[in-house]
Amino acid sequence: NVMATDEAGKTAMDLAKGYGHTACVALLKEAMSQAIEEACASAASKVLLSGHTGLRANLMGEYKMEEERVNEYPLYKKAKEDHYIFRTKRGRWMVAEERAHVDGNLGWIHTQGAAQLPTSEGV
């Protein structure tokens, strides 16, 4: 998995860059780009967020994929509201209450770990 991270959250790409392995970096970039494109091509057009009650219950509902990508992955928006599901720079999927939070990599609800898509098994 080219998206895997070590305990410090570093990808193979980060590690290769740190040690100056330019050939390895080029290969990893190509593999990562291909993996991202494949993931995006198979992404669901809608995501249903459910199960949370209480303070953040307003974030539950159906989100539709936008044309825009954030951190190279699909951005989902809740109809008639300024709520978004996006993939963070660290690979977690997060729910933000406003567009500015997406740009700031901020949100309220997130997956426990990195995942290719918000619909990935175990998310």
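**An aromatic cluster and its surroundings**

Tyr-73, Tyr-76 and Trp-93 are linked by ring pairs into a cluster. The model is predicted.

The aromatic pairs come to 2. In one of them, Tyr-73 meets Trp-93 edge-to-face. The ring centres of Tyr-73 and Trp-93 are 6.3 Å apart, with 85 degrees between the planes. Tyr-73 belongs to strand β3, residues 73-78, and Trp-93 to strand β5, residues 93-96. The pair therefore ties together parts that are 20 residues apart in sequence. Tyr-73 has a relative accessibility of 1% and counts as buried, because the cut-off for burial is under 20%. Trp-93 also counts as buried, at 3% relative accessibility.

Tyr-76 and Trp-93 form an aromatic pair as well. This pair is edge-to-face, with 6.4 Å from centre to centre and 65 degrees between the planes. The angle exceeds the cut-off of over 60 degrees, so the pair counts as edge-to-face. Tyr-76 lies in strand β3, whereas Trp-93 lies in strand β5. Parts 17 residues apart in sequence are thus tied together by the pair of Tyr-76 and Trp-93. The relative accessibility of Tyr-76 is 0%, and Tyr-76 counts as buried. Trp-93 takes part in the pair with Tyr-73 and in the pair with Tyr-76.

Charged side chains were examined next. Arg-87 places its charged end over the ring of Tyr-73. The distance to the ring centre of Tyr-73 is 4.1 Å. Tyr-73 thus has the charged end of Arg-87 over its ring and an aromatic pair with Trp-93. Another such arrangement involves Arg-56 and Trp-108. Here the charged end of Arg-56 sits over the ring of Trp-108, at 3.5 Å from the ring centre.

The chain as a whole gives the setting. It has 3 helices and 6 strands. Along the sequence, these elements follow the pattern α-α-β-β-β-β-β-α-β. The chain has 123 residues, of which 33% count as buried. Tyr-73, Tyr-76 and Trp-93 count as buried. Among contacts in the chain with a separation of 6 or more, 32% are between residues 24 or more positions apart. The exposed area of the chain is about 7,700 Å². Carbon and sulfur atoms supply 51% of that area.

Methods: Residues are numbered from 1 along each chain as its sequence is written. This is a predicted model: local features need pLDDT of at least 70, side-chain atom pairs count only at pLDDT 80 or more; totals for chains, interfaces and linings use all residues. Side-chain values use heavy atoms; hydrogens and water are left out. Rings of Phe, Tyr and Trp (its six-membered ring) pair if their centres lie within 6.5 Å; planes under 30 degrees apart count as stacked, over 60 as edge-to-face and the rest as tilted. Helices (H or I, at least four residues) and strands (E, at least two) are DSSP runs, numbered from the N terminus. Buried means under 20% relative accessible area, exposed over 50%, partly exposed in between (1.4 Å probe, protein chains only). A charge sits over a ring if NZ of Lys or CZ of Arg is within 6 Å of the ring centre and within 35 degrees of the ring normal. Contact means heavy atoms within 4.5 Å. Accessible areas come from the Shrake-Rupley method with a 1.4 Å probe; for residues, only the protein chains shown count as cover.
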